[in-house]
Amino acid sequence: MKVTIVGAGIIGYAVAYELAARGAQVRLIDPRGSGQGATRASAGVLAPHIEGHSADLRRLGLCSLDHYDSFIARVAADAQRPVEYRRSGTLQVARSDSEALQLEQDARVLSESGASHTYLDGDATRRLEPSLAEGVRAGLLVPQHGYVGVATLMSALAEAARRHGASLSTARVNGIDLRGRSVSVATSEETFASDAVVVAAGSWSGGIPMAPAVRPPVRPVRGQLLHLRFASPPLSRVVWGTAAYLVPWEDGSVLVGATVEDAGFDERVTVAGVRQLLEGAVELLPAARSATFDEARAGLRPATADELPIIGRSSTMRDVYYATGHYRNGVLLAPLTAAMIADLVLDGRERSELALVRPDRFGL
């Protein structure tokens, strides 16, 4: 089966890998190359109990997190290269009485759902992470959470997909149309037929001409991220505050994220964004004042009106599928999205989670 995937970010490549590993002939198309959209702004945090702002999103996140161990093992083995991946937990911290009360409420919700967690007072929180600021009042540890090194995962996915025969074109997609029994894809270099097309172009999904389909209602939300370097690792797990979150890498560096800005398709790193993140980092981790500033970068995350992704078969255009609109959860939801699309495209099988993210809720 010939499948074209429009978009080569973390979602596009996860879908490409899953399809190619199951025997499909896969071509990715992205004029920007691999991982240059929302993927650039991702710190790789895997935390559905924090980022799951609705019951449906939390369900999707938890389901995908359950896939992560096997997903990473398969990708790393097929690519023959390591992926940085740790399930050392997240530690949400409170620096005021009101924030501590919110953490207590969050802990009660976790108790009701049966999720493993530990609520800590300020002293116990600092014993767990001694580098945290003295003003920390409380902490909430969720041990099943973790992170993945996005750059290492993207590299491994690209190599694993290539080894299974997938290819990448940096042409521009000029249109998707139905031609007889196939789907025609016109690019700046050629026009060719596919058995199926998957739209996974993130914030750029709405700009792809498709007839007669309605364009996906996805808007870009800018996220800025900092990369700081320390002489030795200052933290042992992801730390999440109200102004910033900190992701410690194995090499001792720390990612600080992330802003949420309605800036259209403006991908600039700004002074205001960098200042906001630096101040948030120092509030949590005073040692950040003396860290080396390695890098600041920005990416555009694709948001929908209900903050749920658009995944599944188009109701208006035969053999067109969507895997877009993942907003802040593209990395977390990549394994589940890839499995759902591969099941649907290759076997016609619909997982129950597809009911939460159907394209036809937006008339697609």
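Q: Contact means heavy atoms within 4.5 Å; which residues in helix 8 meet helix 3?
A: This is a predicted model, in which local features need pLDDT of at least 70, side-chain atom pairs count only at pLDDT 80 or more, and totals for chains, interfaces and linings use all residues. Residues are numbered from 1 along each chain, and side-chain values use heavy atoms, without hydrogens or water. Helix 3 brings Leu57, Leu60, Gly61, Cys63, Ser64, Leu65, His67, Tyr68 and Phe71 to the contact. On helix 8 (a helix is a DSSP run of H or I with at least four residues, a strand one of E with at least two, numbered from the N terminus) the residues met are Val331, Leu332, Leu333, Ala334, Pro335 and Leu336.

Q: How many nonpolar residues are in the contact of helix 3 with helix 8?
A: Ala, Val, Leu, Ile, Met, Phe, Trp, Tyr, Cys and Pro count as nonpolar, Asp, Glu, Lys and Arg as charged, the others, Gly among them, as polar. The contact has no charged residues and 3 polar ones. The nonpolar count is 12.

Q: At what angle do helix 3 and helix 8 pack?
A: Helix 3 covers residues 55–79, and its axis is 7 Å from that of helix 8. Axes are lines fitted to C-alpha atoms, for helices over the stretch in contact, with angles from 0 to 180 degrees between N-to-C directions. The two helices are therefore roughly perpendicular (65 to 115 degrees; under 35 is roughly parallel, over 145 roughly antiparallel, the rest oblique). The packing angle is about 75°.

Q: Which strands stand at the edges of the open sheet?
A: The sheet has 8 strands with mixed pairing (at least two DSSP bridges between two strands), in the order 6-7-5-16-17-18-15-19. Each edge strand has a single partner strand, so one side of each is left without a neighbour in the sheet. From one strand to the next, the twist averages 20°. The edges are strand 6 (118–121) and strand 19.

Q: In strand 7, which residue is the bridge partner of threonine 90?
A: Strand 5 (residues 90–94) and strand 7 (residues 138–142) run antiparallel and are joined by 5 bridges. The partner of threonine 90 is valine 142.

Q: What angle does the direction of helix 4 make with that of strand 7?
A: Helix 4 (residues 97–113) packs on the sheet and touches strand 5, strand 6 and strand 7. Its direction and that of strand 7 make an angle of about 25°.

Q: At what angle does helix 7 run to strand 15?
A: Helix 7 (residues 271–284) lies across several strands, including strand 5, strand 16 (238–240), strand 17 (245–248) and strand 18 (253–257). Strand 15 (219–229) and strand 19 are also among the strands it lies across. To strand 15, helix 7 runs at about 50°.

Q: Where does a cis peptide bond occur?
A: Alanine 258 lies in the loop between strand 18 and helix 7. The bond with omega of about -20° joins glycine 257 and alanine 258.

Q: What is the phi of aspartate 319?
A: Aspartate 319 lies in the loop between strand 20 (310–313) and strand 21. It is not a glycine, yet its phi is positive, at about 65°.

Q: What is the phi of tyrosine 327?
A: Tyrosine 327 is placed in the loop between strand 21 and helix 8. Although tyrosine 327 is not a glycine, its phi is positive, at about 50°.

Note on methods:
Contact = heavy atoms within 4.5 Å.
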